[in-house]
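The following explanation leads through a protein model, one sheet after another, and then turns to its surface and its cysteines. Please keep the sequence and the structure in view while reading.

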Amino acid sequence: MTGYVLGLDVGTTTISWTVLDAASLEQMEACNRANDSSVGDGIQNPDRILDICLEITDDVKKRFKCISAVGITGQMHGIVLTDEKGNSVSPLYTWQYKTSPVLCSEISSLSGYKAYSGYGVVTLLSLVKQNKVPEGAVSVIIKDVLPEDWTDEVVKKDLAEREFIYKMP
């Protein structure tokens, strides 16, 4: 593999990235940027997160011309609701989002497993009980929203230039 590999971590407080030489795996850059997408207690704006990621990607591509692969990690307990096209239809409810302790106990009793406020399943059930889940919405974690948007925003534009290809298995 030639060129560079971009690794992106979408965290609650920072969005971090690293660039590796694809052939030698030498780290060329490691940076982070504040995730300023907060819109409330444990709630973030997924569109702002996407904007930050696109700004980072655009900047990296200016300095490292041939990005041959991208790896993404991100918050695992937070959820965002998406429509059938992968567009976010809710804010991102992070692991810091507080739900009812009664709901956590209810889930624990039914499942036999501990359930904590901030777990995606607890948040989703809370939203269902509050009628805040739009018809047909799907619950995903934030990193799963990014590739959908990157496919539309980055790859189609860049395929013509043959500089950057992003493929999600």
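**Sheets, surface and cysteines**

One open sheet consists of three strands in the order E4-E5-E8, with antiparallel pairing. Its edge strands are E4 (38–40) and E8 (92–93), each of which pairs on one side only. E4 and strand E5 (residues 43–44) run antiparallel and are joined by two bridges; here Gly-40 stands opposite Ile-43 in E5. Two strands are taken to pair if DSSP finds at least two bridges between them. Strands (E, at least two residues) and helices (H or I, at least four residues) are DSSP runs, numbered from the N terminus.

This is a predicted model, in which local features need pLDDT of at least 70 and side-chain atom pairs count only at pLDDT 80 or more, while totals for chains, interfaces and linings use all residues. Residues are numbered from 1 along each chain as its sequence is written, and side-chain values use heavy atoms, with hydrogens and water left out.

The protein has four helices and nine strands. Along the sequence these elements follow the pattern β-β-β-β-β-α-β-β-β-α-α-β-α.

A further open sheet contains four strands in the order E3-E2-E1-E6, and its pairing is mixed. Strand E3 (27–34) and strand E6 (67–74) stand at the edges with a single partner strand each, so one side of each has no neighbour in the sheet. On average, neighbouring strands of this sheet are turned by 15° against each other, direction ignored; axes are lines fitted to C-alpha atoms, for helices over the stretch in contact, and angles run from 0 to 180 degrees between N-to-C directions. In general, the strands of a sheet pair through backbone hydrogen bonds, either parallel or antiparallel.

Within this sheet, strand E1 (residues 4–10) pairs with E2 in the antiparallel sense over seven bridges. E1 and E2 form a hairpin with three residues between them. Strand E2 (residues 14–21) also pairs with E3, again antiparallel and over seven bridges. Thr-18 of E2 can be followed across both pairings: Gly-7 stands opposite Thr-18, and the bridge partner of Thr-18 in E3 is Ala-30. Elsewhere along E2 and E3, Thr-14 stands opposite Ala-34. The hairpin of E2 and E3 has five residues between the strands, and in this hairpin Leu-25 takes a positive phi near 65°.

As for solvent exposure, buried residues make up 39% of the 169 residues in the protein. Buried means under 20% relative accessible area, exposed means over 50%, and partly exposed lies in between (1.4 Å probe, protein chains only). On the surface, Tyr-116, Tyr-119 and Val-121 form a nonpolar patch with about 280 Å² of accessible area together. Tyr-116 lies in the loop between helix H2 (101–111) and helix H3 (120–129). With a relative accessible area of 43%, Tyr-116 is partly exposed. Patches are made of residues with over 30% relative accessible area and no salt bridge, like charges being joined within 9 Å and nonpolar side chains (Val, Leu, Ile, Met, Phe, Trp, Tyr) within 5 Å. A salt bridge is a side-chain nitrogen of Lys or Arg within 4 Å of a carboxyl oxygen of Asp or Glu. Accessible areas come from the Shrake-Rupley method with a 1.4 Å probe, and for residues only the protein chains shown count as cover.

Finally, the structure holds zero disulfides, a disulfide being a pair of cysteine sulfur atoms within 2.5 Å. Cys-31 is partly exposed at 31% relative accessible area, whereas Cys-104 counts as buried at 8%.
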